[in-house]
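Me: I have a new model open and want to learn to read its features one at a time. Where do we start?

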Amino acid sequence: MSSDLKCSYKSTSLSPIYASTGSVATISADGSLLACPVLDEINIIQLIPNRKLLHSIDNADEQEITGISLTPDGKYLIYVSQSQLVKIVNVETGVITRSLKVSSPSYVMTCDPTSTLVAIGGTDGSITVIDIENGYIAHSFKGHGGTISSLKFYGELGTNIWLLGSGDTNGMAKVWDLVTRKCKFTVQEHSSAIRGIDFTKNDDKDVLNLITGGRDNVLNLWRFNIKGKSSKLVKTIPAHLQIEACGFITHNDETFAYTAGGDAVFQIIDLNESSVVKCTKKPIEELFITGVIPINQGNQFYAVLSDQTIQLLQPNSEIFSSKSEFIQIQEYIAGNHGTVADLCLVTKNKDCIALATNSPSLRIIPLPKIDADTQDTDLPIEVNLYEGHSDLLNSLACTEDGQWLATASKDKTAILWHWNNTSKRFYIYATFVGHAASVSAVCLPNVMEKNYPKYIITASNDLTVKKWEIPPMKNDLNEVPFIVKSSIYTRHAHEKDINAISMAPNDSIFATASYDKTCKLWNVDTGEPVATLANHKRGLWDVSFCESEKWIATCSGDKTVKIWSLESFTVLKTLEGHTNAVQRCSFMNKQKQLVSAGADGLIKVWDIASGDCIKNLDGHSNRIWALSVLEDGDLIISADADSVFQFWKDCTEAEIQGALEENKVRVEQEQSLTNYMNNGEWSNAFLLALQLDHPMRLFNVLRSSMGSQPEQANGKVIFNQELDSLIGTLNKDQLIQLMKRCRDWNTNARTHMVAQKTISCIFLNHDMTEFGEIPGMVRIVETILPYSKRHYSRVDNLVKESYLLDYALHDMDKLL
């Protein structure tokens, strides 16, 4: 293999932090900690001052997490799984401190404001209240006829007013007195599950306001007397949207309510006017809010969406003072990105990644710092969402400078986005409308004049390709995007879906890869076909041009990559090795190599000259849809259907240098070993041979040292005084290593003598009680015993046979 090939890569992984439909993420009261489940694991993430993964808690029973809650002070995490086990985790250490069992599966839980109690609602209608610090059940309430669907604590410090509100799937709400352990109020005015419940003080100190919100799209406002048992329904407010969370908001001594749920809209309601004051903008994608988390004493909110995206809303003071029509989203945190169909590096500094996912929104995430220590860098979980398409994205293409980005969507359109250096955001520059089916692929020219691409080429499931003229750029930011409805030309390209399109380095031709098993080359200027490449047995997934050679590569569902000549249009090489469809391919390393990604979850690095796969990069467990090769192969980014990203950094040169250094050190050590043996420095020789971990060198040292000193009459010295003493000082790891060597030597009649002497020396110089407690030592000794018995049996047989020889010699002496 040539020394200038890239054959070694170091991987940095970016995995989903939140991927579960059974429970809502939880955040501490000051907004500094986030805890969210990924199936049967929970990630505890520090949000402030910098973002990093603190702990990943593995649920030992391997059951999906159904409910989690951080205490407001962030000291404890409580979670419950499908197995009905409740576990309390110390956040600082990441250790489970308590474990309890509840009577039924639970999906709702909440902590009290003092971080003392946690309430857990079950599907059997029971509510269990647990003392978090001491880990025991403090209260157990029964009375609901349906599954508990909402819980909320209320308490006043220094008083005996400590309440727990609960709602169930039958529309019943109850208020429990934690002091008397009795139910104070029961009301039922909802026709569906109550998903939100909250308390607030009233002007009358003996009266509390209670709000309940349900999936019947209704918000009920109650007033009840804490000292008595009277309650009154003050108002029923239609929310016009399904309610998954609700509560009170106080601004300038005036009380409002919020609701969130259907259409992924968070809205603030004026309780006096029963009208919506302000709300968030409804996203294009069909989503809903599953939970709302207040932070900073209720002055700001996080909203958790059904796709596990977490929105940080602008502070309440800004919401009420802003003249904007909608409540602004201050930040998005991505729990996961779904299936990543395509990716590319964008922005002027190439420090962001654009993603095409199974969502209508274009996603832009920061590029992680690959070379930096991951412990000191921020966890890149934030995401910017750009709405423009009405259906999911299929493909991306960007210009060399990273400032122009094209997206192809299932909504039959393509959009060209432009990066604005001032606002540091992408804006829609032009929308291209005209295809009759989903736009499956898009490409931009490699060479730009006047700092903007002059045309864009799209491919569609209507089996056509179109070339569009891009309107000239008037200024850095067009306030009104262009809408382009007519193309320069339209060509019927293939008989089946077109999966990929690629532009030649000189922009003279472009290639299309189709599921009809062919790749076609087209003249960019005229749109006329140049050639058809047909040799694959199944549909094509991708096509890629070589930068400097007249080659083109295609990959297919037939598990192969083919390299073609652009002069003869024949196959030059067929690369075989994937066990499933090959989804992506790209040239790299000055066109000496090619990288491919497949549905088998493997990335393969190929030597084009020999056609051999020289490296398998295994970091995915699902189909790899997206692959991007940067800096000529120094960095490879891949993403799969599970939203797992791998950033592969080339470390070939460092590995070769490291191997040379290791070899140099080993040669020096071996020379030192020879010198020690020649000079009779057996202790130094023994330690060095043990460090080199070479069995025969260690064997030779021990065998040679056996004759270095006459055996003592008392038999206490095995090798020599110095070496025996050294063996007596070996630590546990060294003893395990030496005993493993003795085990191997003991299996051979020619080497067992050294093994037996070494074992004897160990037994003489070590305490047998401590020796037997070393993990794994007993098993090693048990494997040594059978061969030792065989050796002793052979010696006994030789002794017995020697008796016959003695008898024969004795009788021969008589004859003489």
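## Reading a buried helix

Reply: Start with the burial list of one helix. In α3, the buried residues are W682, S683, A685, F686, L688, A689, L690 and L692. Keep in mind that this is a predicted model.

Me: What does that list say about α3 as a whole?

Reply: Eight of the eleven residues of α3 are buried, so the helix is largely enclosed by the rest of the structure. The cover over its buried residues includes α2, α4, α5 and α6. Just after α3 comes D693, with a positive phi near 55°.

Me: How do I go from buried residues to a core?

Reply: General idea first. In soluble globular proteins, nonpolar side chains tend to be buried together. Here, the largest nonpolar core has 34 residues. Those that touch the most other members are F686, L698, L702, L723, I727, M739 and W745. At least two residues each come from α3 (682-692), α4 (695-706), α5 (721-727), α6, α7 (752-765) and α9 (777-815).

Me: Which helix gives the most to this core?

Reply: α3 does, with seven residues. A separate core of 18 residues lies apart from it, and Y429, A430, L444 and V484 are among its members.

Me: Take one residue of the large core. What is L698 in contact with?

Reply: Leave aside neighbours within four places in sequence. Then L698 contacts F686, A689, L690, L738, R741 and W745.

Me: Now helix geometry. How should I read the length of α2?

Reply: Compare the end-to-end span with the expected one. Helix α2 covers residues 652-678, 27 in number. From first C-alpha to last, α2 reaches 39 Å, close to the 39 Å expected at 1.5 Å a residue. G680 follows α2 and has a positive phi, near 75°.

Me: Which residues of α2 are buried, and what do they pack against?

Reply: The buried ones are T652, Q669 and L673. The buried residues of α2 pack against β58 (645-650), α3 and α4. A general rule helps with spacing. An α-helix has 3.6 residues a turn, so residues three or four places apart point the same way. Check Q669 and L673, both on the buried list of α2, with that rule in mind.

Me: How do I read a residue such as R743, buried or exposed?

Reply: Locate it, then check its area and its contacts. R743 is in helix α6, residues 732-745. Its relative accessible area is 29%, so R743 is partly exposed. Beyond four places in sequence, R743 touches I780, T783 and I784. The R743 side chain also makes a polar contact of 3.4 Å with the side chain of D744.

Me: How far is R743 from A459?

Reply: In sequence, 284 residues; in space, 67 Å between C-alpha atoms. A459 takes us to strand β40, where it is one of the buried residues.

Me: What should I look for in β40?

Reply: Check both faces. Six of the six residues of β40 (455-460) are buried, so the strand is largely enclosed by the rest of the structure. Y455, I457 and A459 cover one side; I456, T458 and S460 are on the other.

Me: What are the partners of β40?

Reply: General idea: strands of a sheet pair through backbone hydrogen bonds, either parallel or antiparallel. Strand β39 (439-443) pairs with β40 in the antiparallel sense over four bridges. There, A441 has A459 as its bridge partner. β40 also pairs with β41 (464-469), again antiparallel, over five bridges. I457 stands opposite K467 of β41. The hairpin of β40 and β41 has three residues between the strands, and L463 takes a positive phi near 70°.

Me: And how do I read a whole sheet?

Reply: Get the order, then the edges. One open sheet has four strands in the order β10-β11-β12-β13, with antiparallel pairing. β10 (106-111) and β13 (136-141) are at the edges with a single partner strand each, so one side of each has no neighbour in the sheet. Neighbouring strands are turned by 20° against each other on average, direction ignored.

Me: Which residue in β13 is the bridge partner of I130?

Reply: I137. Strands β12 (127-131) and β13 pair antiparallel over five bridges.

Definitions and conventions: Residues numbered from 1 in each chain as written. Predicted model: local features only at pLDDT ≥ 70, side-chain atom pairs only at ≥ 80, totals over all residues. Heavy atoms only, no water. Buried < 20%, exposed > 50% of the residue type's maximum accessible area, 1.4 Å probe, protein only. Contact = heavy atoms within 4.5 Å. Polar contact = N/O pair within 3.5 Å; in protein donor to acceptor, adjacent residues only side chain to side chain. Core = buried A, V, L, I, M, F, W, Y, C linked by side-chain atoms within 4.5 Å. Expected span 1.5 Å × (residues − 1). Pairing = 2+ DSSP bridges. Axes fitted to C-alpha atoms, helices over the stretch in contact; angles between N-to-C directions.
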